[in-house]
Amino acid sequence: MRLFQPSSSQPPSPDASGRRGSAFWTRWVQVSTCLLLLALTLPARAHNTPFSYIDLKLKEAGVTASVEAYAVDWAHELPDVDADLLMRPGGAEKQKQRLFDIAVSRFALSSANETLQPELRGITAFADKQRIRLSIYYPWREASAALHVHCQLFPYDTRHRTYLNVYQDSRLTQQTTFEGAVTDLDYKPGSHQTILAVVKQFLVQGVYHIFTGPDHILFIVGLLLLGGTIRQLLKIVTAFTIAHSITLCLATLNILNPPARVIEPMIALSIVFVGVHSMYTRWKHQRDHGIADGEAPALPDARLLFAFGFGFIHGFGFANALHEMELPPAALGWTLLSFNLGVEFGQACIVLTVAPLLAFLHRKSEMIAQRVVTVGSLTVIVAGAFWFVQRVLAG
């Protein structure tokens, strides 16, 4: 796949060039207006997939459960209460019985063919995280019997995921995710989850994170719009991968962890940058009558450099997603590795889909291919700019 195809063997006349430029900017305004309307439907944060998490601590006398979720999810189940009310001083405390009833109707433990009876031990609201945590105790008769867990906390949202950590004798022994049709888990006290099971679980989470994060998708697509040889594209994606893997590790291990209110707008700006670069490079190519067939660009591909540079910023974005899950330190190593591998697999799927499609369009019709590149660049620019403004205003 070549970076460009020549548009003409002869330079255009001044009049033709003027008409072409006028038509180009007219199309630019029309398309950008449509894309701006589309962008209004995009979320301020690209990683707004709803989730909750539960810690189960098994003791001889019973099981202590910590159930934590966003206030907006709890409020959805209370028609006369909104999230802001729950976050006010004393707001969650006033609604604790109703919140407790919601939790135990969706989350249940049973052992030895007997449903364990829950007891509310406390409620805590975290204003900085906009989350509410319930502490629930389940006494049981046989600590050695298998424990069955049923969980479907917020079925109104099909995207919702609940991350479960099981501790026995203060050691993490099981991790799992409840989502969609996956609502049950059988746990045998004394058993240990294999490393392969942890890797498989968070490998899927990494892939899921990429495909539910449109900002990362648009950044990668923006890098691919100008095309190039397979070797060029592999270098670009590899540079991005190396950079964001470094900062993902640094942030997850709490060595360097910039706040999300700084990182998220910068990610949006990186998207604008790749879109503008793609648009400008295409315009410059048309102005200079294109590159002859088989001729390589005179300078090294700049995308390699800023893919690496912006990769550091995107790595902090990936880390913010992991931080929100409140992952236990005992499983951090394998969780980090498998999540990162999942992210890379998701990226590879995007590259292997977009790059061949662009190459096919260039072979079939250069005019259509160039229009696709123009619309793609505009999509990247408008979406990135809109996200930037939203994220700055949202703080």
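Buried, on this tour, means under 20% relative accessible area. Keep in mind as you click around that this is a predicted model.

**First stop: helix H7.** Select residues 214-224 and you have H7, a helix that is mostly covered, with nine of its eleven residues buried. Show the side chains and pick out the buried ones: Asp-215, His-216, Leu-218, Phe-219, Ile-220, Val-221, Gly-222, Leu-223 and Leu-224.

**Next: the sheet.** Now bring up the open sheet of four strands, which goes E4-E3-E7-E10 with antiparallel pairing. Its edge strands are E4 (114-115) and E10, each pairing on one side only.

**Zoom in on E10.** Select residues 184-187. Which residues of E10 are on the covered face, and which on the uncovered one? Leu-185 and Tyr-187 make up the covered face, while Asp-184 and Asp-186 sit on the uncovered one. That fits a general pattern: in a regular strand, side chains alternate between the two faces of the sheet.

**Step across to E7.** Add residues 147-151, strand E7, which runs antiparallel to E10 and is joined to it by four bridges. For a landmark here, find Val-149, which stands opposite Leu-185 in E10, the Leu-185 you just saw on the covered face.

**On to E3.** Select residues 107-111 for strand E3, joined to E7 by five bridges, again antiparallel. Label Phe-107 and look straight across: Cys-151 of E7 stands opposite.

**Last stop: helix H5.** Finish with residues 96-106. This is helix H5, which lies across E3 and E7 and runs at about 55 degrees to E3.

Note on methods
Residues are numbered from 1 along each chain as its sequence is written. This is a predicted model: local features need pLDDT of at least 70, side-chain atom pairs count only at pLDDT 80 or more; totals for chains, interfaces and linings use all residues. Side-chain values use heavy atoms; hydrogens and water are left out. Buried means under 20% relative accessible area, exposed over 50%, partly exposed in between (1.4 Å probe, protein chains only). Helices (H or I, at least four residues) and strands (E, at least two) are DSSP runs, numbered from the N terminus. Two strands pair if DSSP finds at least two bridges between them. Contact means heavy atoms within 4.5 Å. Axes are lines fitted to C-alpha atoms, for helices over the stretch in contact, and angles run from 0 to 180 degrees between N-to-C directions.
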